[in-house]
Protein chains: 2
Amino acid sequence: MVNPIDPTATGFLLAENRNMPMHVGGLQLFEKPEGAGRGFAREMYEQMRDVEQIAPLFLKHPHRSARTAGQLVWLPDEEFDVEHHVRHSALPKPGRVRELLELCSRLHSTRLAWERPLWEATIIEGLRDGRVAMYTKTHHALVDGVSAMRLLADVLSTDPDERDMPAFWGKQPSRRREEPVSDGGASLADVSATTVRTALALASEAAGMPGALIRTLNKSVRNETSALSLYAPRTMLNQSITGSRRFAAQDWPVERLRGVGKATGTTINDVVLAMVSGAMRTYLADLDALPETSLISMVPVGLNAKQSHLASADGGNAVGAVMVQLGTHLADPADRLSAIHRSMKDGKESLSAMTPAQILAMSALGQAPAILGPILRMQGIVRPPYNLIVSNVPGPRTPHYWNGARLTGTYPLSIPINGMALNITCTSCDGKMCFGLTGCRRTVPHLQVLLQHLDDELAALERAAGL
Amino acid sequence: MVNPIDPTATGFLLAENRNMPMHVGGLQLFEKPEGAGRGFAREMYEQMRDVEQIAPLFLKHPHRSARTAGQLVWLPDEEFDVEHHVRHSALPKPGRVRELLELCSRLHSTRLAWERPLWEATIIEGLRDGRVAMYTKTHHALVDGVSAMRLLADVLSTDPDERDMPAFWGKQPSRRREEPVSDGGASLADVSATTVRTALALASEAAGMPGALIRTLNKSVRNETSALSLYAPRTMLNQSITGSRRFAAQDWPVERLRGVGKATGTTINDVVLAMVSGAMRTYLADLDALPETSLISMVPVGLNAKQSHLASADGGNAVGAVMVQLGTHLADPADRLSAIHRSMKDGKESLSAMTPAQILAMSALGQAPAILGPILRMQGIVRPPYNLIVSNVPGPRTPHYWNGARLTGTYPLSIPINGMALNITCTSCDGKMCFGLTGCRRTVPHLQVLLQHLDDELAALERAAGL
């Protein structure tokens, strides 16, 4: 039962240290089903805990010893202890979102232990609006953010009356697949994450590191591809980080973003980026730390980018990366939005002109930020290749339920790394665009104010679009 | 403002790893003052957080760099962030002690970050009996368990009407010392912890390790002193541990223990040890893991042991260590109690016959369990020198208050280490003997059942004593 760990996952495990835990998180909010009593959160916790069979992904843990010749391997946890992994917690009064975000910040700041399977879930009660929250933490060696969303979608139901549904980590009975995670119009999952991983694994097994990535980076330095910019300004975000996290989350109706997009001929994702741009401009200016040139954001995109109107490939994994000029040096919201739209279009076009090998290499940028740093340093590149990561992962379009509890919001918690202290990840859910901002608590002070800035910026974009 | 870290504290810092965090914890339970509203926990949290000045002990953090030539030094935290250290949490319903212990287990399992001062405190609301709990975590490099108790006593008041009291980590105004921590009859603090530390520090600076300890250990192997036994049986407790903790706590009226002691001519501490002995016997037998020979417990004692009727030196620090045969191989509770009484008496006598240098060396056993392991291995000693640590730290005898909130219980959370997976520490408070059991979650399964066994054993001792 010993399984080797593929090099990408190994990279995530080895890159991890106390200041840089390598787990992704998710905060889900559920509305109690009609008629549910005050004990619903406990029932949910018990259902999650007392799952009959756990999926193999959630039973294995990494192991390294002399017997494995120092290689990291997956071993099943022979003493699996579900109560270590599934937890029940509560918010102090008054049970606002503020208390919830504080708890999630703390939960996201602690590392997963290698001696156990690399995940935790906490059912959280005490929100004054009666909703029940769930925070999940999964090591990046197990899943990336997109896989985590699919895992979630796989286990939820579109039927509010369905019951006896297993926990997310339960072994799935062979249920019908509910529906594609989103549109499902074009089948974009030509290259699945598994394929990419395997290809990467092969490449890096041969070379000892992702060789194709190095070649792409070298090309970029010589400016042969516009998809990768190495001319990002230095900012306060691009420093070493500490281990403590701060998490902020909020959602806005997708309709508002769509409205701005329609009125300006841009995509929803452009609007997301414009919100981030305006918010970062205000934030940095307030701290007297706004660089003169534009911030550059790394944006993971779908492989078949032309057909996609969302940043991430619908139904597939976001496996490419585009470097987007956020236009933070521009004073006008409309100017910023159109700069982003152009930059995104350029990036996607150059991406679609790339060879599969180049795309595979680009994908490593999205999948392996932790691995990127050391590689860049080895290449003598000391400036940050980009300033922050903004990623938009499609979520379920229609209402989804877990044993009758409606999923009303899902907010990603991502991985700040040394040199990249802030990560913004959005996902759509139940008609809302849910933003999750994860930052190093020390390097990104007053992270919560970004929520207000995002809100202000959406209003400014609406005014600029004449709405 | 760079201060070198003394070698003992350095030892605690360097011995620490993911599986073996080196912090001590405390769980305090407070009764709300009369007339306090539902928001009392929040008020307490805010008072604790909004402290005007933090004591220097709680502002320094360890640092090591090329500039300090690789030496660990204390640096003030220039970006001290009180909200990282003082936290507010809640228990899920029904808010029993069980939920409290689960939360404390989790809080005690995570490490303190070196980039910040080495402490955390969490105010916990939601106990159904209305009490407010506080869990504190302090690195062993800052304080030992006894100092932590003194810190607590220093900041509490015997006056229920006193208000405007600072947080525990606040800078103390020069208040009168309330009263000695306990009896205060004999002045036993002849050698304070600081003195010991300094002496140890000097010795180990010279030798690179506590040389006197090595000499004492060598003598013990040759059986020249009965205070140290190296003939403890192997048990399931004496294995490598994992990083996750389980904590159990309960209290019993000191009067009941005193009653047994009076009827049998033994001390309260003997009765504590007999409770532990009986409980461990039942626990290990249930797991089919009871060794044929007696478990041996390391018991920290006061230096002037003859004058003390408690295991720890009243008013001073517990700086010696006695190895006590717990008599777990004996079937009868009365037999176990008298075996313990004899063994404890022998140990104390041999301790009082030791030279100051030997006593200093013994003290390292109590103060530096983490340092002990590697040293033992270096000496080729592979059997555990003892099976578990049982320590009894005197707490306040009279009711104490923090801004009117009465301290009704205080339960220590200690440090399991590799080879010593369970630690039992007791402290008296408000007429109760409060037990805190801290174990490795994996190595010590079903830790909670020990509470029932302790309870059963006290009843059995009472019956045996004809009470």
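**Strand pairing and two-fold symmetry in a two-chain model**

In chain A, three strands make up an open sheet whose order is β1-β4-β3, with antiparallel pairing. The strands at the edges of this sheet are β1 (3-4) and β3 (60-63) of chain A, each of which pairs on one side only. The structure is a predicted model, and the points below take the sheet of chain A further, then turn to chain B and to the relation between the two copies.

**The open sheet of chain A**

- Strand β4 of chain A, which spans residues 73-76, pairs with β1(A) in the antiparallel sense, and two bridges connect them.
- Within this pairing, A:Pro4 has A:Val73 of β4(A) standing opposite.

**The open sheet of chain B**

- Chain B also has an open sheet of three strands in the order β1-β4-β3, and the pairing there is antiparallel.
- Because β1 (3-4) and β3 (60-63) of chain B stand at the edges with a single partner strand each, one side of each is left without a neighbour in the sheet.
- The pairing of β1(B) with strand β4 of chain B (residues 73-76) is antiparallel and runs over two bridges, and B:Asn3 has B:Trp74 in β4(B) as its bridge partner.
- Strands of a sheet are held in register by pairing through backbone hydrogen bonds, in either a parallel or an antiparallel arrangement.

**Strand β13 of chain B and its partners**

- Strand β13 of chain B, covering residues 405-413, is mostly covered, with eight of its nine residues buried.
- Strand β2 of chain B (residues 23-31) runs antiparallel to β13(B) and is joined to β13(B) by seven bridges; in this pairing, B:Gln28 has B:Thr410 as its bridge partner.
- Strand β12 of chain B (residues 401-402) is likewise antiparallel to β13(B), joined by two bridges, and the bridge partner of B:Tyr401 in β13(B) is B:Arg406.
- β12(B) and β13(B) together form a hairpin in which two residues lie between the strands, and B:Asn403, in the turn, has a positive phi of about 50°.

**How the two copies are related**

- A turn of 180°, with a shift of 0.0 Å along the axis, lays chain B on chain A with an RMSD of 0.1 Å, and the two copies are therefore related as by a two-fold rotation axis.
- The same surface serves both copies, in that 100% of the contact residues of chain B recur in chain A.
- Among the residues of chain B, the one that comes closest to the rotation axis is B:Ala90, whose C-alpha is at 2.6 Å.

Notes. Residues are numbered from 1 along each chain as its sequence is written. Chains are lettered from A and ligands numbered from 1 in the order in which they are written. This is a predicted model: local features need pLDDT of at least 70, side-chain atom pairs count only at pLDDT 80 or more; totals for chains, interfaces and linings use all residues. Side-chain values use heavy atoms; hydrogens and water are left out. Copies are superposed by least squares on the C-alpha atoms of residues with pLDDT of at least 70 in both. Contact means heavy atoms within 4.5 Å. Two strands pair if DSSP finds at least two bridges between them. Helices (H or I, at least four residues) and strands (E, at least two) are DSSP runs, numbered from the N terminus. Buried means under 20% relative accessible area, exposed over 50%, partly exposed in between (1.4 Å probe, protein chains only).
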